[in-house]
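User: I am new to this structure. Please take a close look at one part of it, the salt bridges, and set them against the rest of the fold.

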Amino acid sequence: MKIHEKYMFRCIQLGKKGLGSTAPNPMVGSVIVYQDKVIGEGFTSPYGGNHAEVNAIANVADKSLLCKSTLYVTLEPCSHYGKTPPCADLITEHQIPKVIIGLKDPHIKVAGKGIEKLEATGCNVSVGILEKECRRHHRRFLAYHEKNCPYIILKWAETKDGFIAPDKSKRKNNPQPFWITNTYSKQLVHQWRSQEQAILVGTSTVLEDNPKLTTRNWEGNQPVRVILDNGLRIPKEFHVLDKSVKTIVLTGTQEKSKYLDGIDYEVIDFSKPLAYQICEVLHKHSIISLLVEGGSQTLQTFIEENLWDEARVFKGPSTFGNGIPSPEFSAKLMENITILSDTLSTYTND
C-alpha cells in the first residue's frame, strides 16, 4: 500500500467512530504525520463539537512539529464559521505545510473554498487520495448535499416463504410487533437505528405493531421518528407519539387543531408520489440518513420511485403460508451473512 493511501485508510477508520453522533455534520477522520510517524489523530466530535482536524491537532503533544508535518483528512477542511471556527484557518495558524485530502466537500459553503484558502497561504494540497473509499465512507453526507436527499436504507424481515407480515388472523388483538427474526438480528437493527439520523414507518405498521422505534437494545442516540399518517388515525396513546424523542408526522391533514403539542407536523400530498416529498421534508429538517422499516407498501413506494441506496433484508426460518408479501425489487447483492437461524442480505442501488 502506498504511503498516502495507508494514512488515508487510517483516517477512514477513525471517521467511523463518529457514526451516529456527528449528523448532520460528516464523520471525518484526520491523521497528522511527522517523518512517517503518526503524531496526532482525531475524528469529528458529536454535533456542535470539534471537527476532526481540530481534534487531531489538539492530540499532538509537541506542537512545534506541526510546521514540518503532513495532515491527512477524509474531507476538505471547512472554510466558514458554523458552530466552530474554520478548520482551514487553524491549519494555517499552525503552519502545517502539506495537507492530503480524500474528497472535496460538496457543501455549498465549502465546495473548494477550503482548498483555495490553504493554497493561498502556500500550503501544498493534494486531493483525491482513496477518493472512492472516502465517497463510500461519506455516502450519507454526500447524498444530502449532492442529491438533496437523505441516504436511504430500506430494511425488512421476511419469512422463508417470502412474507413480511402474517395474515391478520394470526395477530393478537393488542397491537404489538410480530417477530420473524431472532434476538441477535433484533439487536443489530437497534444498533442500525443508533447509527442513522431518522427512522420511518407507515400508518399500518404503527396501528398493527405499536412500535417504539428506539434503540433500547443498544446504547446510542435515538433516531428522529418519521411517521406517515395521512388522516391522523394513530391514537395519541401509541408509543410513536409519546414525545420521548423528536417525531415528525407527515400528514395530509391541515387542520392544526388535531395536531399534538411537542410533535412536528408536515403536510404532504398523499395523492402524489410520496418518497420524493418525504425526501424534501427531511432535507428541510437537515436529516442526512433515513432507515425505512416498513411496512411493505411504504417500502415499495421508495423502490418504485427509485429513491433508495441500500436494502438490508433478513430472512428468518419460519413460514406463514399467507400474509403480506415482501417488497419486490431488483438490485446488486453485496453480501450475505448468517446470524444463527437468520440470513441477512445487503443490496445496493447503483
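Analyst: Buried residues account for 53% of the 350 residues in the protein; buried means under 20% relative accessible area, exposed means over 50%, and partly exposed lies in between (1.4 Å probe, protein chains only). The model is predicted, with local features requiring pLDDT of at least 70 and side-chain atom pairs counted only at pLDDT 80 or more, while totals for chains, interfaces and linings use all residues. Residues are numbered from 1 along each chain as its sequence is written, and side-chain values use heavy atoms, leaving out hydrogens and water.

The protein has ten helices and 16 strands; these are DSSP runs numbered from the N terminus, helices being H or I over at least four residues and strands E over at least two. Its radius of gyration is 23 Å, close to the 20 Å that the globule rule gives for 350 residues, so the protein is as compact as a globular protein of that length. That radius is taken over C-alpha atoms, and the rule is 2.2 Å times the number of residues to the power 0.38. Along the principal axes, the C-alpha atoms fill a box of roughly 70 × 50 × 30 Å. Of the contacts between residues at least 6 apart in sequence, 68% join residues at least 24 apart, where contact means heavy atoms within 4.5 Å.

Now to the salt bridges. A salt bridge here is a side-chain nitrogen of Lys or Arg within 4 Å of a carboxyl oxygen of Asp or Glu, and the count by this rule comes to 14.

One of them joins R10 and E41, with the closest N and O atoms 2.8 Å apart. R10 belongs to helix α1 and E41 to strand β2, so this pair ties together parts that are 31 residues apart in sequence. R10 is partly exposed at 28% relative accessibility, and E41 is also partly exposed, at 24%.

The surroundings of this pair are a sheet. It is an open sheet of five strands in the order β2-β1-β3-β4-β5, with mixed pairing; two strands pair if DSSP finds at least two bridges between them. β2 (37–43) and β5 (124–127) are the edge strands, each pairing on one side only. From one strand to the next, the twist averages 15°. Strands β3 (residues 70–73) and β4 (residues 98–101) pair in the parallel sense over four bridges, and V73 has I101 of β4 as its bridge partner. Helix α1 lies across β1, β2, β3 and β4 and runs at about 140° to β1. Helix α4 (residues 113–120) packs on the sheet as well, touching β4 and β5, with its direction at about 150° to that of β5. Axes are lines fitted to C-alpha atoms, for helices over the stretch in contact, and angles run from 0 to 180 degrees between N-to-C directions.

A second salt bridge is E310 with R136, where the closest N and O atoms are 3.7 Å apart. This pair links distant parts of the chain, E310 in strand β13 (residues 310–315) and R136 in helix α5 (residues 131–137), 174 residues apart. E310 is buried at 2% relative accessibility, whereas R136 is partly exposed at 42%.

A third joins E293 and K155, the closest N and O atoms being 3.6 Å apart. E293 sits in the loop between β12 (289–292) and α10, and K155 in strand β6 (residues 151–158), so the pair connects parts 138 residues apart in sequence. Both residues, E293 and K155, are buried. Beyond single pairs, salt bridges with shared partners join R136, R139, E310 and R312 into one network.

The loop of E293 leads to α10. Seven of the nine residues of this helix (residues 296–304) are buried, so α10 is largely enclosed by the rest of the structure. Among the buried residues of α10 are L299, F302 and I303. After α10 comes N306, whose phi is positive, near 55°.

Most residues other than glycine have a negative phi, and most peptide bonds are trans. N210 also has a positive phi, near 45°, and lies in the loop between α8 (203–209) and β9 (224–228). A cis peptide bond, with omega about 5°, joins A23 and P24; P24 is in the loop between α1 (3–15) and β1 (29–34).
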